Amino acid sequence: MSLVVDPDERERTVSRLREICLALPETSERLSHGAPTFFVRGKRAFLMVLTNHHGDGRFAAWCAAPTGMQAMLVEADPERFFVPPYVGHRGWLGVRLDRGLHWDELAGIAEDAYAEVAPPKLVEAARQSASS
């Protein structure tokens, strides 16, 4: 089996995503379905990182997304964005992490994912800390 992405590069990418996600209020990480997954208050997942999920050949993040965002991004750039299995029907977005990383964009996508599942008070706290 060929590697989807170099293990060192994968770990660097996961570490950077971890920093972004865990900087948001009341977030945590644990494995879910064998993948690093980020949760709000330990309950609601907002982003997970998958490598070659069921042999799909992708190194990608799956995350909650605002209504309409999935369709817009998949249509605009199908090389980088896709509809993930299992959660795509709920509007979740698949983001390729092996097709050139745009960290500001990824941070925004992670923040949007967080805002989709976090209670309004936490979203407001996150926005306050981001603007200060």
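The following dialogue goes through several labels given to residues in this predicted model and the values behind them.

Student: Why is Ser 32 called buried?
Tutor: Its relative accessibility is 18%, and buried means under 20%, so Ser 32 falls on the buried side of the cut-off. Ser 32 belongs to strand E1, residues 27-32. Leaving out residues up to four places away in sequence, Ser 32 touches Thr 37, Phe 39 and Met 48.

Student: What makes Asp 6 partly exposed?
Tutor: The relative accessible area of Asp 6 is 40%. Partly exposed covers the range between the buried limit of 20% and the exposed limit of 50%, so Asp 6 gets that label. Asp 6 lies in the segment before helix H1 (7-22).

Student: Which backbone atom lies 3.1 Å from a polar atom of the Asp 6 side chain?
Tutor: The backbone nitrogen of Asp 8. Asp 6 also lies 9.7 Å from Asp 98, C-alpha to C-alpha, with their positions 92 residues apart in sequence.

Student: How do you know that Cys 21 and Cys 63 are not a disulfide?
Tutor: The closest cysteine sulfur to that of Cys 21 is in Cys 63, at 8.7 Å. A disulfide needs the two sulfur atoms within 2.5 Å, so this pair is too far apart for a bond. Seen from Cys 63, the closest cysteine sulfur is that of Cys 21. The count of disulfides is zero.

Student: Are these two cysteines buried or exposed?
Tutor: Cys 21 is buried, at 0% relative accessible area, and Cys 63 is buried at 1%. Both values satisfy the requirement of under 20%.

Student: How many aromatic pairs are there?
Tutor: Two. One is formed by Phe 46 and Tyr 114.

Student: Why is the pair of Phe 46 and Tyr 114 called edge-to-face?
Tutor: The ring centres are 5.6 Å apart, and a pair requires centres within 6.5 Å. The planes stand at 80 degrees, and over 60 counts as edge-to-face, so that is the label. This pair links distant parts of the chain: Phe 46 is in strand E3 (residues 44-51) and Tyr 114 in helix H3 (residues 103-117), 68 residues apart. Phe 46 is buried at 0% relative accessible area, and Tyr 114 counts as buried at 1%.

Student: What makes the pair of Trp 62 and Tyr 86 tilted?
Tutor: Their ring planes are at 40 degrees, with the centres 6.5 Å apart. Stacked requires under 30 degrees and edge-to-face over 60, so an angle of 40 degrees leaves this pair as tilted. Here too distant parts of the chain are linked: Trp 62 is in strand E4 (residues 59-63), and Tyr 86 is in the loop between strand E5 (81-82) and strand E6 (93-96), 24 residues apart.

Student: Which burial labels do Trp 62 and Tyr 86 get?
Tutor: Trp 62 is buried, at 4% relative accessibility. Tyr 86 has a relative accessible area of 54%, and exposed means over 50%, so Tyr 86 is exposed.

Student: How do you know that Arg 30 sits over the ring of Phe 39?
Tutor: The charged end of Arg 30 is 3.7 Å from the ring centre. The distance limit is 6 Å, and the charge must also be within 35 degrees of the ring normal. Arg 58 likewise lies over the face of Phe 82, at 3.7 Å from the ring centre.

Student: Which residues have the most contacts inside the largest nonpolar core?
Tutor: Phe 46, Leu 47, Leu 93 and Tyr 114, in a core of 41 residues. The largest share, eight residues, comes from H3. Leu 93 touches, among others, Trp 62, Cys 63, Phe 82 and Ile 109, not counting residues up to four places away in sequence.

Student: What makes His 33 exposed and Glu 26 partly exposed?
Tutor: His 33 has 77% relative accessibility, and the exposed class begins over 50%, so His 33 counts as exposed. Glu 26 has a relative accessible area of 45%, so it is partly exposed. His 33 is in the loop between E1 and E2, and Glu 26 is in the loop between H1 and E1. Phi is positive in His 33, at about 55 degrees, although it is not a glycine. Glu 26, also a residue other than glycine, has a positive phi near 55 degrees.

How values were computed: Residues are numbered from 1 along each chain as its sequence is written. This is a predicted model: local features need pLDDT of at least 70, side-chain atom pairs count only at pLDDT 80 or more; totals for chains, interfaces and linings use all residues. Side-chain values use heavy atoms; hydrogens and water are left out. Helices (H or I, at least four residues) and strands (E, at least two) are DSSP runs, numbered from the N terminus. Buried means under 20% relative accessible area, exposed over 50%, partly exposed in between (1.4 Å probe, protein chains only). Contact means heavy atoms within 4.5 Å. A polar contact is a pair of N or O atoms within 3.5 Å; within protein, one must be able to donate a hydrogen and the other to accept it, and residues adjacent in sequence count only if both atoms are side-chain atoms. Rings of Phe, Tyr and Trp (its six-membered ring) pair if their centres lie within 6.5 Å; planes under 30 degrees apart count as stacked, over 60 as edge-to-face and the rest as tilted. A nonpolar core is a set of buried Ala, Val, Leu, Ile, Met, Phe, Trp, Tyr and Cys residues joined through side-chain atoms within 4.5 Å.
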